Number of protein chains: 2
Amino acid sequence: MKRYLQIDPWKIIEEGFHPGYNRVSESVFSTGNGKFGQRGNFEETFSGESLQGSYVAGVYYPDKTRVGWWKNGYPEYFAKVLNAPNWIGMQVWVNGEELDLAKIKEVHSFRRALDMQHGVFSREMEVSFQNGIRCRIETNRFCNLAETDSQLVSYKLTVVNSDALVVMVPFIDGKVLNSDSNYENRFWKQGVTDTRGDDLLLIATTKKTGFDVGIASNLEVVANNQRLLPKDQHSRKKFVSNRYSAKLTIGGTMELTRKNIIVSSLDVPRAQMEVHLRSRLSQLKPIPFAHLLEKHETAWRKKWEESDIVIEGDVEAQQGIRFNIFQLNCTYNGEDQRLNIGPKGFTGEKYGGSTYWDTEAYCLPFYQATADEHVAKNLLIYRYKHLQKAIENARMLGFKNGAALYPMVTMNGEECHNEWEITFEEIHRNGAIAYAIFDYIRYTGDSDYLASHGLEVLIGISRFWRQRVNWSEDKQQFVMLGVTGPNEFENNVNNNWYTNRLAVWCMKYTMQSVEWVKNIHPTDWKRIVANTGYKPEEALSWKEVVDKMYFPFSEKHNVFLQQDGFLDKELIPVAQLPESERPIVEHWSWDRILRSCYIKQADVLQGFYFFEDEFDEDTLRRHYDFYEPLTVHESSLSPCVHSILAAKLGDHRRAYEFYLRTARLDLDDYNNDTCDGLHITSMAGTWMSIVKGFAGMRVIDNHLSFKPFLPESWKSFSFHIRFRGEIMEIQVDKKGLTINGEPMAVSG
Amino acid sequence: MKRYLQIDPWKIIEEGFHPGYNRVSESVFSTGNGKFGQRGNFEETFSGESLQGSYVAGVYYPDKTRVGWWKNGYPEYFAKVLNAPNWIGMQVWVNGEELDLAKIKEVHSFRRALDMQHGVFSREMEVSFQNGIRCRIETNRFCNLAETDSQLVSYKLTVVNSDALVVMVPFIDGKVLNSDSNYENRFWKQGVTDTRGDDLLLIATTKKTGFDVGIASNLEVVANNQRLLPKDQHSRKKFVSNRYSAKLTIGGTMELTRKNIIVSSLDVPRAQMEVHLRSRLSQLKPIPFAHLLEKHETAWRKKWEESDIVIEGDVEAQQGIRFNIFQLNCTYNGEDQRLNIGPKGFTGEKYGGSTYWDTEAYCLPFYQATADEHVAKNLLIYRYKHLQKAIENARMLGFKNGAALYPMVTMNGEECHNEWEITFEEIHRNGAIAYAIFDYIRYTGDSDYLASHGLEVLIGISRFWRQRVNWSEDKQQFVMLGVTGPNEFENNVNNNWYTNRLAVWCMKYTMQSVEWVKNIHPTDWKRIVANTGYKPEEALSWKEVVDKMYFPFSEKHNVFLQQDGFLDKELIPVAQLPESERPIVEHWSWDRILRSCYIKQADVLQGFYFFEDEFDEDTLRRHYDFYEPLTVHESSLSPCVHSILAAKLGDHRRAYEFYLRTARLDLDDYNNDTCDGLHITSMAGTWMSIVKGFAGMRVIDNHLSFKPFLPESWKSFSFHIRFRGEIMEIQVDKKGLTINGEPMAVSG
């Protein structure tokens with residue numbers, strides 16, 4: 001854990017430069033607007049530890065998968081979120097010496113700050129060069145949330161102690177590498193580079209996938225109150241720059257205002273891209289920076305109105321939850337059905353891909369409750385649009401007749417994880433996608449979604465489950481062999497209870513949905529039958545599985561078992577593991593982890609979270625008491641589910657403890673991996689801990705219901721929530737819960 | 001299956017050139033002498049399909065392992081048998097046109113032949129160049145078995161239809177690539193290159209491992225009955241060549257005799273290598289090619305006296321078994337305790353590494369019975385020398401107190417497989433290494449080996465098993481979780497019967513051996529206690545496991561189960577699988593294979609093969625009838641065990657059928673993979689099918705015992721066998737079995 005950032009309710013502040021933590025800071029100071037984003041890199045050269053990262057949504061590269069031995073059914077490629085051309089880069093020279101914080105003589109002051117309320121990243125610093133010149137730098141930048149194809153930078157340099165010749169060379173650089181390239185290849189091809197007056201333009205094309213990303217920058221440089229003209233315009237392979245220089249007298253300033261237009265071929269066809277960039281740039285040019293900033297801030301204000309959580313009495317918690325909400329809103333805005341929520345958003349490259357089951361199981365509730373209905377719906381439609389690919393994916397693995405298996409990791413609907421046997425068998429993801437349909441309809445009341453989109457997906461998924469189980473002559477029941485549950489510390493197990501449970505639930509829900517759509521939306525039903533070739537016998541064969549599915553159970557412990565053979569393990573509580581061996585994923589060999597009883601993240605308990613209405617509190621308590629002590633929570637997705645369940649069981653202390661484990665995960669670099677990027681999808685889990693855990697929010701019979709408690713160290717907490725078109729303010733304090741200021745009779 | 005090679009009892013002949021099968025032919029025509037070997041490449045340039053391959057025993061490269069996601073305990077590197085500098089290469093030019101069979105105008109005749117009896121590879125061909133010149137080429141070469149640091153080539157060119165200027169440029173080329181390099185790196189560093197008169201010399205050093213391989217060639221070129229002098233000697237980076245040219249008149253010949261000395265730093269230190277090479281070369285120089293050949297042939301004759309199997313009445317079978325015996329003798333000669341038997345020998349690069357459990361389970365019986373005792377003993381000592389590395393390997397995986405886990409794939413005792421989760425968990429290999437000690441002593445009677453070496457290995461292995469099992473509270477027995485048995489179509493299963501059985505056997509055998517050594521060799525026992533820190537309590541704790549080990553068993557079928565949950569699978573016999581889906585490893589996705597019932601190679605039945613004395617014939621039959629129908633035999637190591645068991649059960653037809661599946665595996669390219677190299681270790685299995693299967697040979701109470709049958713299509717078969725110092729001839733014909741011509745009362 002690192003605690004070098006300042007505590008503040010609305011800001012993240014690094015006071016004094018921490019070069020050893022610079023990659024962590026770059027992750028933390030990431031900004032984005034749902035269409036693109038970037039790490040908190042310096043604009044100018046920095047030769048110290050840094051991961052220069054700018055990312056454009058939906059633009060990926062299918063890197064050749066890296067495996068030991070190829071096996072049939074493995075994905076052809078591992079999709080990488082692509083490090084895009086650097087659109088903020090510049091060199092700064094003072095009397096011939098380049099500004100580079102790794103080489104500077106002295107850093108007198110340094111402050112890097114993220115204003116989450118307004119979505120602005122800024123830096124102020126005063127440094128002395130080796131040549132003795134002392135300068136002050138002030139920068140501001142933002143990924144425009146009001147007009148999501150633009151990004152703005154202001155960069156101001158003041159000479160403090162002497163006259164000096166200052167040179168600024170802003171550029172766009174397409175010679176970028178992905179830090180996680182499997183074979184250290186470059187992913188961008190040369191495209192267009194051009195400079196005209198104060199405008200730079202670069203269009204680069206990805207290898208293989210052929211995405212185009214176009215960036216146009218307008219540069220306005222003022223020194224001594226005079227607009228400078230560019231000199232030495234450079235346009236070479238994948239790189240374009242202008243050069244501005246001026247002699248400053250002591251106290252004089254040189255200020256660069258940079259307006260970037262950033263688009264990809266997802267939105268603008270390649271043939272029109274150059275014209276489009278120039279036209280958008282000329283629209284932007286006359287608008288003052290301050291005016292653009294104002295509109296951007298207004299857009300952020302609106303986001304906060306819908307999604308803020310206010311915590312009184314705990315500034316650390318306040319900062320933590322706002323940081324999570326801020327980053328979730330930077331990552332996904334729900335306006336584009338082709339986009340989804342990458343595990344690192346626009347803040348790093350690890351894990352590649354954009355879409356995991358995290359979206360459905362952890363992120364959907366956040367966007368559902370904090371944004372307009374169409375945002376959550378678009379997350380569902382993303383999967384609907386991939387249905388044919390999921391059917392194709394299942395077909396390649398030997399399934400038939402329209403069975404659909406959604407990928408574990410995807411960009412365009414195709415499976416694209418790096419080889420990991422576990423991932424291969426984590427078919428429970430397919431159930432989470434069905435569950436999300438149910439969850440969305442439960443929350444929004446938009447049952448018609450079943451008829452318009454949902455049921456086709458459900459039918460494909462249920463067909464998969466039906467074919468994936470087999471009849472055990474020995475048990476005289478259906479079994480599901482060779483799976484991995486959410487607990488990725490197991491591999492290739494038989495009858496994972498969660499997966500079996502989810503499969504049965506899917507088939508039941510599909511059967512109900514078939515009946516409902518058939519009766520209520522007969523026209524849609526015709527279309528669905530035509531599209532899917534659905535036959536009534538299918539429901540019968542699903543029912544057979546629903547009725548005769550096997551669920552591993554222990555009479556002795558009176559609990560469902562995570563999988564067959566679970567009780568053969570040595571069941572030693574995590575509390576008895578030496579601290580020096582934690583986390584086990586870092587200290588134990590993989591085979592030892594596999595045969596141990598330790599649970600990475602909620603597995604049986606994930607089922608109790610999803611299907612809570614089907615179990616009474618005693619049953620939940622028994623399972624919670626059996627499994628939680630064996631759980632190491634070595635996934636950032638683990639604590640939130642446990643927090644919600646602990647809250648439900650009235651164990652408020654534990655609920656709060658679990659919440660704390662992810663609340664400031666990245667701000668405090670808990671797992672020593674924030675340098676790789678932020679844990680975006682687990683941020684939604686933290687939000688859930690408060691809303692579903694502490695406030696106990698549920699939807700019951702089309703109404704919001706609450707069962708709140710207030711963590712001891714807090715005075716109160718409140719949040720805005722959208723529910724069926726209405727924005728409400730929920731407040732929980734020592735006296736209880738109010739909705740829009742009105743006390744509410746608490747249910748449950 | 002390909003059948004383009006001629007049938008002949010002693011020769012492999014390719015009549016007419018088959019360029020499409022050239023990589024297959026190159027594998028088949030491989031030769032070696034236990035110290036080095038090479039594929040049947042052409043000496044001259046060939047721009048068609050080819051894998052140029054020359055390999056020096058024990059010289060490897062630790063290629064960076066390729067994995068999707070790294071997990072603790074994974075090996076750091078994947079050792080590759082190293083493609084060594086080409087020591088036979090030459091260019092041939094006729095009137096300025098290079099000889100290249102891929103570019104030649106016409107091939108009038110072509111014959112490539114391997115004389116297995118004499119260990120000589122030869123080629124005769126007549127070709128016309130594009131320029132109209134017609135030439136005849138005759139070559140002979142051999143890896144000298146009499147003096148195993150030398151290799152000889154004779155290359156004769158006759159101009160048939162015209163006068164012509166003929167140029168020969170023999171070279172040594174160190175710019176070789178491994179075809180299976182993970183990251184396409186070159187593995188050799190520049191060393192010494194030198195030419196002096198008719199001598200070429202090249203020393204190359206491997207990157208990382210720092211092995212040196214030195215090659216010196218003496219060239220004698222005669223044209224028009226005159227010795228030619230070299231011109232244009234070239235010595236550049238990793239390449240050295242001489243150039244010989246002569247004007248030949250019609251019918252004239254030019255003949256190159258090349259004598260190579262090939263050594264590695266395993267035998268000659270780098271500092272002395274150049275001097276050593278020159279000195280050995282000068283010893284070799286005056287000896288005529290024919291004289292060297294004669295001594296080489298004598299050495300092969302001796303090999304055949306010990307190891308030949310003669311089959312009367314089936315030339316195909318005769319050729320097949322001799323090919324297998326020939327290649328086994330090319331691969332390993334048992335004179336160097338640092339060497340072992342690579343899965344592809346010196347014939348290709350696939351699978352890397354040199355040592356798998358194949359050595360102990362499949363190859364040991366062959367070398368035990370066909371060579372002097374020290375040969376088999378050296379295979380055991382190879383593992384003895386790796387004991388500390390095996391202890392270190394176990395320690396890295398979390399085991400303690402001198403527990404030893406031998407690697408699945410190794411060169412120097414360290415684990416070095418490419419990532420494959422299965423391999424990781426195939427700990428049964430550890431048992432095979434213990435079993436080999438037992439098998440060796442049973443065959444040779446050399447019980448003292450236990451005291452001198454074996455027991456220390458057994459103690460390390462038993463300690464591993466003791467720590468690897470755990471007590472199941474649920475079963476009130478010991479269980480072994482998370483393993484893969486020999487059937488690599490399962491992964492991470494619990495209580496693999498074979499592994500549990502083997503572990504218990506190891507502990508029992510170790511306990512007995514402890515008592516025996518303690519009593520018979522008290523001095524050795526002191527040393528062993530000092531070395532291992534053995535404590536008497538250990539035997540007690542082993543006994544606890546021996547007494548309370550769990551073995552999965554089905555009452556209904558009255559068979560031991562391959563693993564927990566096996567009966568949950570759909571048990572559909574292989575015979576009902578569509579032919580179009582076979583082999584399943586090529587047609588089914590990996591996850592489907594994993595959850596299927598199909599068995600890649602003997603697993604439970606491997607236990608019945610190892611521990612046959614512990615089960616009566618009825619029990620064997622029940623297990624054979626249960627498991628064999630579910631076995632797809634998609635490992636070349638599968639049929640031999642089944643052949644031996646079928647023979648034992650009196651099912652002679654099936655025993656013969658299984659034998660046929662590997663008898664000509666490479667000669668007929670059954671699996672379409674001979675192009676990658678030969679299946680060396682499975683060749684020993686074929687030998688076992690005949691000796692242990694058809695002849696029913698066993699060692700019972702220090703005596704050889706037989707239970708023979710004669711395949712219907714054979715007139716007779718006979719073989720030489722070494723047993724405790726004596727070479728015997730065993731013959732089986734319709735009348736029965738004779739030993740050295742004397743009929744033997746058949747046991748059993």
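Where does H2(A) bend by about 30 degrees? Before selecting anything, note that this is a predicted model, where local features need pLDDT of at least 70, side-chain atom pairs count only at pLDDT 80 or more, and totals for chains, interfaces and linings use all residues. Residues are numbered from 1 along each chain as its sequence is written, and chains are lettered from A in the order in which they are written.

Now pick residues 270-284 of chain A: that's helix H2, 15 residues long (helices are DSSP runs of H or I, at least four residues; strands are runs of E, at least two; both numbered from the N terminus). From first C-alpha to last, H2(A) reaches 21 Å, close to the 21 Å expected (1.5 Å times one less than the number of residues). The bend sits at A:His276, taken as the angle between axes fitted to the seven residues ending there and the seven starting there.

Next, show A:Met273, A:Leu277, A:Arg280 and A:Leu281, which are buried (20 or more other C-beta atoms within 10 Å of a residue's own, C-beta atoms being placed from the backbone). Add strands S15 (199-206), S16 (212-223) and S20 (253-264) of chain A, and you have what the buried residues of H2(A) pack against.

Then bring in chain B. The contact takes 40 residues from each of chains A and B (C-beta atoms, placed from the backbone, within 7 Å). On the chain B side, select H8 (421-425), S22 (470-472) and H15 (590-595), each supplying at least two residues. H15(B) gives the largest share, 5 residues. Finally, 100% of chain B's interface residues are also interface residues in chain A, so the copies meet through the same surface.

Conventions: Contact = placed C-beta atoms within 7 Å. Buried ≥ 20, exposed ≤ 12 C-beta atoms within 10 Å, placed from the backbone.
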